[in-house]
Amino acid sequence: MICQPASGDVQSARSRGLRSPERFARSSRARRWTDARVYRGGAPRILIVDDDDNVRVGLARALSSLTTCEVDTARDAFEAGYKLAQFRPDLVLLDVVMPGMGGLDVCARMRRLAGSEPLRIVILTGYDGSGHNERSLISGADLFLTKPMDVDEILRHVKDLLEG
Amino acid sequence: MRRHDGGGIDAGAGRSPGVVLPQACGAIAGTLDARGRFLSIDGPVEAALGRLREELIGVCAVRIVAPSLRRRVMSFWEALRSLGTIDGARIHLVRPDGGSASLDLTLTLLPARRTRDAAVRFVGRPSTVEAELDFWRVEAARRRLAARLAADAAHEINNPLQAVLAHAAVLRGGSDPRGEMARTDSAKRLREAAHRVRETACLVQHLRRRFEGAAGPMLLDHLVTDGLALFAVAARRRGVRFETHLAAAGAAVTGSPSTLVDLVLGLLDMAIRLARRASVIDVATTTCGAVGRQRLEVSCTHGALDEALDLAVTLRSEGGRLPASGFAREALVVALRLSRRCRGTLEITSRAGRGTRIILELPAAATATADGPRLAPGAA
């Protein structure tokens, strides 16, 4: 299924003062989320983080129609941090160039937030050859892919990572 | 006769297939015919050339640069035909020992008369080390800017291409959980993405033409609107918004087109990169009719540029802190150099907390060319 961005939840989180992934990580809800992840089963969950509306929707539809994965989307760093806790993805497809916090920073913070959890992070960016590859791996990404990439190819990488 | 500042046009390194310039290649002057062949060679180099002088007469001047760069040298001729004079064009020659020599060329078109065909008078002076370093410093900044724009353009193409692939997979898959409505929407989004690719490809095409060296006066308004179109991605990413007030409609400015483009783009790039998130940058063009100059004003009163540009304050001896970013320093130096090449002036006023105003004044062209070379098809 495609989960629409829960803007109400984001607003609610903002009103509660949860203004960054770090602050959320320190909250009691985040601890409950970490505990719950250990016992959760079911279909793998994929979170797509991209500021480009067309790419985000397209990938979400393609992945949810071609796989049995549950797919959710986020358009910026804050929403990604919130969805990381709410949706509890097994794999994150992350864009690099986003307004506000960049994808590589989000990646590093997600990795810190996930701790020892087996969260897979795939960087999917339109930029190539400017050191992003190395920097993404340093910031904790499992894989660096460049756009445009065929959806089947993305799926192959996603499956490898989820099964590996 | 209008003058064309050829500064920055790099003819590149090369060696003639049959002609090797002597080790001590000093100042050189002479005449070329309309087809670029040496008619005469004089100046201090005449003695150094010896027998080679005779060999060079009748040889096409384009042959003394690398074949891959001959097309760019031909842009000199295009500029000469439209502007009459090229001043400060730089040509790099490889010596037999592997070292390089740089000559700053001044080319003047001698129009055809009843008794004589059109010809070109050239004077080449060897560059000093300081001039060479300065030249390459500015060149490096110009190329970095071009590379950034190219990367932005690639990003703008890759993103919609990814959208096209994703939506095509949805349509091909045929089992979308949201049914027909989602498929219709995907088809619509696919068309939108394809249109975006096409628009960006047009921009890239115009950018490519720019590097091939356009000739002729350029309209200041076109430069600004096309520049803003090129920087749309960077501005969106930084959350910066531009307010434009273009009042210099149809006003053309003189100078080397590539230098003018780099100057205006450099200023816009600096404004975007040094702006704070969600700030507004005002860009205005005006005509100073009495003085015969065109004015471009880039200002931000939201405290976005002032801190980073405090170096500008020291330029005007008004005190202030040094900028944290080396980029601001370099960008200012490059903008200043390029404005001088175009015989323009650059004035920067900046005070911490009170915003920054950059005023570029350029000499107006004698005649405004409505169809002057443009960077991009659409406005920002």
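The legends below accompany close-up views of a predicted model, taking chain A, its contact with chain B, and chain B in turn.

**View 1. Confidence along chain A of the predicted model.** Averaged over chain A, the pLDDT is 77, and 72% of the residues of this chain score at least 70. Two stretches of chain A, residues 1-19 and residues 30-39, are shown here for their pLDDT, which stays under 50 throughout residues 1-19 and likewise under 50 throughout residues 30-39. For residues 1-19 the model has 24 contacts beyond four places in sequence, while for residues 30-39 it has nine such contacts.

**View 2. The contact between chain A and chain B.** Chain B brings 26 residues to this contact, and chain A brings 23 residues. On the side of chain B that touches chain A, the elements that give two or more residues are helix H4 (129-173) and helix H5 (179-211) of chain B. Of the elements of chain B, H4(B) gives the most to this side, with 15 residues. By residue class, the side of chain B that touches chain A is made up of 12 nonpolar, nine polar and five charged residues.

**View 3. The fold of chain B.** Chain B, with 380 residues, has a secondary structure that comes to 10 helices and 13 strands. Buried residues account for 41% of the residues in this chain. Among the contacts in chain B with a separation of 6 or more, 72% are between residues that are 24 or more positions apart.

Note on methods
Residues are numbered from 1 along each chain as its sequence is written. Chains are lettered from A and ligands numbered from 1 in the order in which they are written. This is a predicted model: local features need pLDDT of at least 70, side-chain atom pairs count only at pLDDT 80 or more; totals for chains, interfaces and linings use all residues. pLDDT is the predictor's confidence in each residue, from 0 to 100. Two residues are in contact if their C-beta atoms, placed from the backbone, lie within 7 Å. Helices (H or I, at least four residues) and strands (E, at least two) are DSSP runs, numbered from the N terminus. Ala, Val, Leu, Ile, Met, Phe, Trp, Tyr, Cys and Pro count as nonpolar, Asp, Glu, Lys and Arg as charged, and the others, Gly among them, as polar. A residue is buried if 20 or more other C-beta atoms lie within 10 Å of its own, exposed if 12 or fewer, and partly exposed in between; C-beta atoms are placed from the backbone.
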